[in-house]
Amino acid sequence: MSDSPAMTDTVDVVHHDRPELRHHFAAVDQQRNAASLGMWWFLGTEIMFFGGMFCAYLIYRRWYFPEFAAASRTLDLKVGTFNTVVLICSSLTVAMSVRAAQLGKRKQQVWLLFWTLVFGLSFLGIKTYEWGNKYKEHHIPTFDYNVISGEGNIVKGNEALLGITDEIKNNPVKLRQREAEIQQHTKLFYSLYFALTGMHAIHMIVGVGIFLVISWMAHKGRFTPEYHTPLEIAGLYWHFVDIVWIYLFPLLYLIDRRPGA
Amino acid sequence: MASSHAFWEDALYVFLVVVTLAMTALIFTLVAVFATKYRRRHGREATQIEGSLLLEIGWTVVPLGIMMLMFAGGALLYFHMRTPPRDAAEVYVVGKQWMWKLEHAEGQMELNELHVPVDRDVKLIMTSQDVIHSFFVPAFRVKMDVIPGRYTTMWFRPTKTGTYHLFCAQFCGTMHSGMIGQIVVMEQKDYQAWLSGGPVTGSLAENGQKLFQQFGCSTCHRFDVQGRGPNLIGLFGKPVQLQDGRTVTADEDYIRESIVNSQAKIVSGFQPIMPVFQSQISEEQLNALVAYVKSLSQAPAGQAGSPDLKSAGAESQSPQQ
Amino acid sequence: MATAAVSTERKNYLNAEYGIRSWLFTTDHKRIAILYLFSITLFFFIGGFAALLIRLELLTPGGDLLTADAYNKAFTTHGQIMVFFFLIPSIPAVLGNFLIPMMVGAKDLAFPRINLISWYIYIAAGILYIHCLVTGGVDTGWTFYPTFSTQFSNTKVIEAGLAIFISGFSSILTGLNFVVTIHRMRAPGLTWSRLPLFVWSHYATSIIMLLGTPVIAITLVLVVLERALNLGIFDPTRGGDPVLFQHLFWFYSHPAVYIMILPSMAVISEIVPCFSRKRVFGYDFVAMSSIAIAAIGFVVWAHHMFVAGISLYSAMVFSFLSFLVAVPSAVKVFNWTATMYKGSVSFNTPMMYAFGFIGLFTIGGLTGLFLATLGTDVHLHDTYFVIAHFHYVMVGGAIMGYLGGIHFWWPKISGRMYPEAWGRLAALIVFIGFNLTFFPQFILGYLGMPRRYWQYPPEYQVLNVLSTAGATILAVGYLLPLVYLLWSLRYGAPAEDNPWKATGLEWTTSSPPPTFNFDEIPVVTEEAYAYEKMPLPEEVTLER
């Protein structure tokens, strides 16, 4: 951690030369360090925020593994994987645009930020498509939730996983009871799925908003090799949102994809 | 102070009070003395003192030591309080907004009142029908939360006859402060008299036996030959080997869970075919069934039924056809 | 004696600009502190009014003043307002905001606009909460336990939960600002070991604000979702676990109590050396204790759950850790006391509040040990003993520290001196009223009276009456400063730059300070609390 900044008695001159230097900072360096430290701490709070939900998720997954695994299998693996790649690409373009700013290449910056937005919005669009499917399959708690029959039948194909033997299948009473249980416990999975991905999506939307502003600033030439702090810290935020997804994806989509299990 | 716990709790409490008073007196005195002796006076300057490592170590280690004594005393007492004696008389408790329903093992039902004999261990097995409550008897110095969906237990041994407050100690809604009652501690003979006086609907275990037939449990849990479910004779209190390799003890919670959520723990060597009774059985019925299964471990050897669980388990493989 | 008293025509942060817009759109940390001062004072009196209702109802065993539901709403409101809308912001948002930039020799906090946003977030949350109150209120207790809060309560749980959720962001942003400012904006020469202990304590507080608050945020989100969408996350009939809520809730709410006490300790660390004319005894240890309290404070949360059905062994672990967290607090008390040894002590109002703090916090902290001790906690949990304990630390401790700080820095903030005689009188009234209100509650708790009881068995009445009597005295003690501090704004003696002759960079500025604090960033060359170099303030001698 850097100690106090160099004392300068030409502070007014510095501020005059560098309009982006706010009055309460003595040097651009100090301002950049402060912004960066602030964003890292903010991301720390975000880790704690998502952490609470991860904690609840992990506990219930341990308690109700078969139901969680079966519900996880209803998430579209291909679409989810593609979406993950899209998001990672968006982080790549952000990093590249920071590099472009460091090299003073305005056009490249803007082009890369444009692609970041495209990837980001694609991610959100694909998410909406996935959620739409969940709605059709009656997998959204509160909205006609049903995993036992109809389009959202989880039981079919997952009998072994869910412990539904012939014995149970042939006994309507036992079957009904087991189904009630499956209905409840999978609902916990979906509740947490929507809470987690919903919270993530909200953060993505905020991120897109931030990057619209950043893109406009880049277009106006506000970022130079000496000063591109807003781009840098916005990039930090974006990378964080990406990392959250990288945790969410295996936890939600990849619980038990063993073929034939 | 009317239970065996109370004496020790009060002793610990007094120790804490003494330490608190001593510390408080020490600080108050020091502050008063320093403020007076070293009050602002012309011509006398303050003496700058950086600190003293010795003092810092001293006033870190000494309080820590005293606190470790408190911790040890408290932990020992707590351990004792959370370990019910084996032969304690059992009472099932159901808390609901805003009353206490209690049922003795002999079948006696009470509302907001509990009669118990003096100098006998009593164990309460409690659950809630709605929100979290807490069973609190100040005179006995005991308390335990009562939670929906699971059992919590608590025990005490009353040492003085009399009538004592029972309070709900976890906020539970409008009439939280009205969810109160009393514990009536009686001489042994008076208690026996009270027991036989009231309406008896059959002991809890007898009720449980009827339910065992009614819900079809005996179809799989047979006592003459090895059925599709584990033999329950002698089961209670014994270790059970599960399919995933774990070993658990067949206590009340285990029995209860096996009825309401049978898929949670599958016994090794058996199929997960037991139905889930969650929405079909009331709390009182569950209590009766648990009491019945427990009673199967109290039958003397050689009773009608199978050999004990271990040999039965060792012989049986998958009980499917 | 300083040169002529400060001319009120000199440009300072108060008269730099006039008009409501200059206040509502300010980024000056000092003006933002004043905005917070007014808002939290308003909430303090609303929460205090709820307390008054509670104490009036409890004069009699029966429920004759309020209905049971109204009473339940009263104590819920009292708790939520006092914790989330008064105590947690109080010292950090008022004194921290005002002083930290000056104490580190900076012209403002690192993020002035975020500072203003944090106030607006607080106000938005406050408005939502008040709306919730006037349209029905909430009755779950400030702790929101399911399944009562998620299914059985018929009150506005969602709205209250959202209001508190929003207020959390204000806390997080304040903490963020402080951490970055302290790391990156210290003046040349101001190393960590030369920082005032006020700054160390606020640094520790900010860590807790940053890492703890998000957890209650997500917990409240889950409660709101569960209640609105009937999800079942905390509902045992649908596979959920109500005790999971308690873990998540207390994971924040325990460290939160350290958010409430550390800033108060920060104030005491400034007042005691000033009015003893001595450096703080054991500076390093006091500084490290703040950090230790913050760190250990994160791993003791389940001591609120010893009878909630957690396992025997985890209870023992949490009990042990809870004793550990008491040690650094004790270390601080000893160090403050030792600071007075061979000092030159005067009895101004701030120092009287400091004395009160030391005494009452000692009692409050020691009674916490009764609750950390497993065997006694079983009896005392959820009784009035707990209420007495936390009021001793939060009112006898935190609020006394807050009032002491307000008085100590009043000359700096307002450019006026408060009337000393009234100040001392109010401090005495607060001390007496406080003890009369809350000491009987220790006894009530030991005798078994549970918390949150609208009606109670008659044998508890005498102690309850004593407690209510004390509360009325306490109320007077709190109203007095409101009156005379406002009075002093117009009629108080103009203050010099450094009326107490205290060390600290904030005292090198004018009273009130100019908008940008320093014309030139100072260079620091000596330790904090170099009182041997300071003259005595001549008018504060005891020998008159």
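**Exercise 1. The hairpin and its sheet**

Through how many residues does a hairpin join β1(B) to β2(B)? Work outward from there to the whole sheet.

*Solution.*

Step 1. Two residues link β1(B) to β2(B) in a hairpin. This is a predicted model.

Step 2. Look at the pairing of these strands. β1(B) and β2(B) are antiparallel and share six bridges. Tyr92(B) has Glu103(B) of β2(B) as its bridge partner.

Step 3. Turn to the other partner of the pairings listed here. β1(B) and β5(B), residues 122-128, run parallel and are joined by seven bridges. Tyr92(B) stands opposite Ile125(B) of β5(B). Val93(B) faces Met126(B) in β5(B).

Step 4. Place the strands in the sheet. The order is β3-β2-β1-β5-β8 in chain B. The sheet is open, has five strands and shows mixed pairing. β3 and β8 (152-156) of chain B are the edge strands, each pairing on one side only. On average, neighbouring strands are turned by 25° against each other, direction ignored.

Step 5. Check the cover on β1(B). Six of its eight residues are buried, so the strand is mostly covered.

**Exercise 2. Two cis peptide bonds**

Which peptide bond of chain B is cis, with omega near -5°? Then find the cis bond in chain C with omega near 0°.

*Solution.*

Step 1. In chain B, the bond runs from Gln97(B) to Trp98(B). Trp98(B) sits in the loop between β1 (89-96) and β2 (99-104) of chain B.

Step 2. In chain C, the bond runs from Pro146(C) to Thr147(C). Thr147(C) belongs to the loop between α5 (112-134) and α6 (148-152) of chain C.

**Exercise 3. Positive phi at two asparagines**

Asn112(B) and Asn517(C) each need a location and a burial class. Is Asn112(B) buried, exposed or partly exposed?

*Solution.*

Step 1. Start with the backbone. Phi of Asn112(B) is near 60°. Phi of Asn517(C) is near 65°. Each is a positive value in a residue other than glycine.

Step 2. Locate them. Asn112(B) is in the loop between β3 (109-111) and β4 (113-117) of chain B. Asn517(C) is in the segment after α16 (461-491) of chain C.

Step 3. Count neighbours. The cut-off for buried is 20 or more other C-beta atoms within 10 Å, and for exposed it is 12 or fewer. Asn112(B) has 15 C-beta neighbours inside 10 Å, so it is partly exposed. Asn517(C) has 24 inside 10 Å, so it is buried.

**Exercise 4. A helix pair across chains A and C**

At what angle do α2(A) and α7(C) pack? Classify the crossing, then list the residues that make the contact.

*Solution.*

Step 1. Read the geometry. α2 (residues 28-63) of chain A and α7 (residues 157-184) of chain C pack at about 140°. Their axes are 9 Å apart.

Step 2. Apply the cut-off. Roughly antiparallel needs an angle over 145 degrees. The two helices, α2(A) and α7(C), are therefore oblique to each other.

Step 3. Give the hand. α2(A) and α7(C) cross in the right-handed sense.

Step 4. List the contact residues.
- From α2(A): Gln30(A), Asn33(A), Ala34(A), Leu37(A), Gly38(A), Trp41(A), Phe42(A) and Thr45(A).
- From α7(C): Ile172(C), Leu176(C), Val179(C), Val180(C), His183(C) and Arg184(C).

Step 5. Sort them by class. Eight are nonpolar, five are polar and one is charged.

**Exercise 5. Two interfaces of chain B**

How many residues of chain A are in contact with chain B? Describe that interface, then the one between chains B and C.

*Solution.*

Step 1. Take A with B. Ten residues of chain A contact ten residues of chain B. On the chain A side, α7 (166-169) and α8 (172-219) each supply at least two residues. α8(A) gives the most, with six residues. This side has three nonpolar, three polar and four charged residues.

Step 2. Take B with C. The contact uses 71 residues of chain B and 75 residues of chain C. On the chain B side, the elements giving two or more residues are α1 (4-37), α2 (53-81), β6 (133-137), β7 (142-146) and β9 (162-168). α2(B) has the largest share, 16 residues.

Step 3. Sort the chain B side that touches chain C. It divides into 39 nonpolar, 19 polar and 13 charged residues.

Key: Residues numbered from 1 in each chain as written. Chains lettered and ligands numbered in written order. Predicted model: local features only at pLDDT ≥ 70, side-chain atom pairs only at ≥ 80, totals over all residues. Contact = placed C-beta atoms within 7 Å. Helix = DSSP H or I, 4+ residues; strand = E, 2+ residues; numbered from the N terminus. Nonpolar A, V, L, I, M, F, W, Y, C, P; charged D, E, K, R; others polar. Pairing = 2+ DSSP bridges. Axes fitted to C-alpha atoms, helices over the stretch in contact; angles between N-to-C directions. Parallel < 35°, antiparallel > 145°, perpendicular 65-115°, else oblique. Left-handed = near helix turned anticlockwise from the far one by under 90°.
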